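Q: Could you take a close look at one helix and what it packs against? I'd like the partners, the angles and any empty space beside it.

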Amino acid sequence: MQDIFLLVISLLMILASAEFFTNGVESLGRKLNLSQAVVGSLLAAVGTALPETILPMVAILVHGGASAEEIGVGAILGAPFMLGTLAFFLVGLSVLISYLRKKRERFELHVEVGTMRRDILFFIAMYSTAIFLPMLFDGGHTFIAILLVIGYIVYAYLTFQGESGDIMHADELYFARVIRRLTGSAATAETAGIPLISFQVLVALSLMVGGAHVFVGSLGTLSAAWGMNPMLFALLVAPVATELPEKFNSVSWTLKGRDTLAMGNITGAMVFQSTFPVSVGLLFTDWKVTGLPLFSAILALVSALLVLGELSVRKKVSPATIIIGGALYIVYAVVIIFGS
């Protein structure tokens, strides 16, 4: 019962933290006059991806050993897969819920086609390079790692320089609202300074990471108590628990109708996760991607290609297309369960 209680509390903590994080990031973007593309695909994406990126790095660089390497490489490959399948699915499901509740006039995503297309193109290019090029050129890991880092720098530059709309932020910073009510001041939504905004973002991110770790620990204890196969937990449940909580930011933005920020948070994280963490894997492990890890990488690329195809042909992306990501995850789950 204690683990179930901690599971519920940690999930509520993650959801509340996600709301405060998105509110803070929007405020920061507006304060610095940043575009939606920069805020969603860079600030929010890297901010939420960085804590989970540190975990495989610690496993590989600090703990060392064959088992630590396997855990690290599995975590590195699991992140893009979860983002391209379940995270996509969550956003599509959020759109469906909003539509059924009459919060949206149409069942559609309102995204900046150019921004999203750039994110997906870079992800496909970088991730394909990381997965398949080492199979063709044995011993070229250092060169490939450098190539991936350069690729992300180019991506970040193009995102800053690309055309994108401004942040249409109307909500007051939550911390500023609390201070105003406690002090009785007449501060407005525009008076919150960068220090207070940054403080709210960091507090929200810290609570989000803490909640995620409690969530994972409780889930792991329950899986053992219920007799769940440790391999199945490692391949299916653990990556979901570690990667998806932060993506509730995207759910929050989607429910508010800020689809460009929601999708940018996911696709931007996909680009980041396919470059820097992969570079660590290439430099400090054998990096032999085969079997189920390779299958997960292929499914992530398939999901991205489906989105890219629709963006290229129809100049938009349907919520139904990204909901397919959930089906791809089910395919992976079936293969693992029946293949183990």
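A: Let's fix the vocabulary first: angles under 35 degrees count as roughly parallel, over 145 as roughly antiparallel, 65 to 115 as roughly perpendicular and the rest as oblique. Helices (H or I, at least four residues) are DSSP runs, numbered from the N terminus. Axes are lines fitted to C-alpha atoms over the stretch in contact, with angles from 0 to 180 degrees between N-to-C directions.

This is a predicted model, where local features need pLDDT of at least 70, side-chain atom pairs count only at pLDDT 80 or more, and totals for chains, interfaces and linings use all residues. Residues are numbered from 1 along each chain as its sequence is written, and side-chain values use heavy atoms, with hydrogens and water left out.

The helix to look at is H4, residues 113-136. H4 packs on H12 (residues 291-314) at an angle of about 150°, with the axes 10 Å apart, so the two are roughly antiparallel. Their crossing is left-handed (the near helix is turned anticlockwise from the far one by less than a right angle). On the H4 side, the contact (heavy atoms within 4.5 Å) includes Met-116, Ile-120, Phe-123 and Tyr-127, while H12 brings Leu-294, Leu-301 and Leu-308, among others. The contact of H4 with H12 has 20 nonpolar residues, two polar and one charged. Here Ala, Val, Leu, Ile, Met, Phe, Trp, Tyr, Cys and Pro count as nonpolar, Asp, Glu, Lys and Arg as charged, and the others, Gly among them, as polar.

Now for H10 (259-273). The axes of H4 and H10 come within 8 Å and cross at roughly 25°, which means H4 is roughly parallel to H10. This crossing, too, is left-handed. Met-116, Asp-119, Ile-120, Phe-122 and Phe-123 of H4 meet Met-263, Gly-264, Thr-267, Gly-268, Met-270 and Val-271 of H10. By class, that is seven nonpolar, three polar and one charged.

As for empty space, the structure holds one cavity of 30 Å³ or more. On a 1 Å grid over the protein atoms alone, a cavity is a set of points where a 1.4 Å probe fits but cannot get out, and lining residues have an atom within 4 Å of a point. The largest cavity holds about 40 Å³ of space, and H4 and H10 each supply at least two residues of its lining. Val-111, Glu-112, Thr-115, Met-116, Asp-119, Thr-260, Met-263 and Gly-264 line it: three nonpolar, three polar and two charged.

Technical notes
On a 1 Å grid over the protein atoms alone, a cavity is a set of points where a 1.4 Å probe fits but cannot get out, and a pocket is an open set with protein on both sides within 12 Å along at least five of seven lines; lining residues have an atom within 4 Å of a point. Grid points are joined across faces, edges and corners, and a volume is the space filled by probe spheres set on the points.
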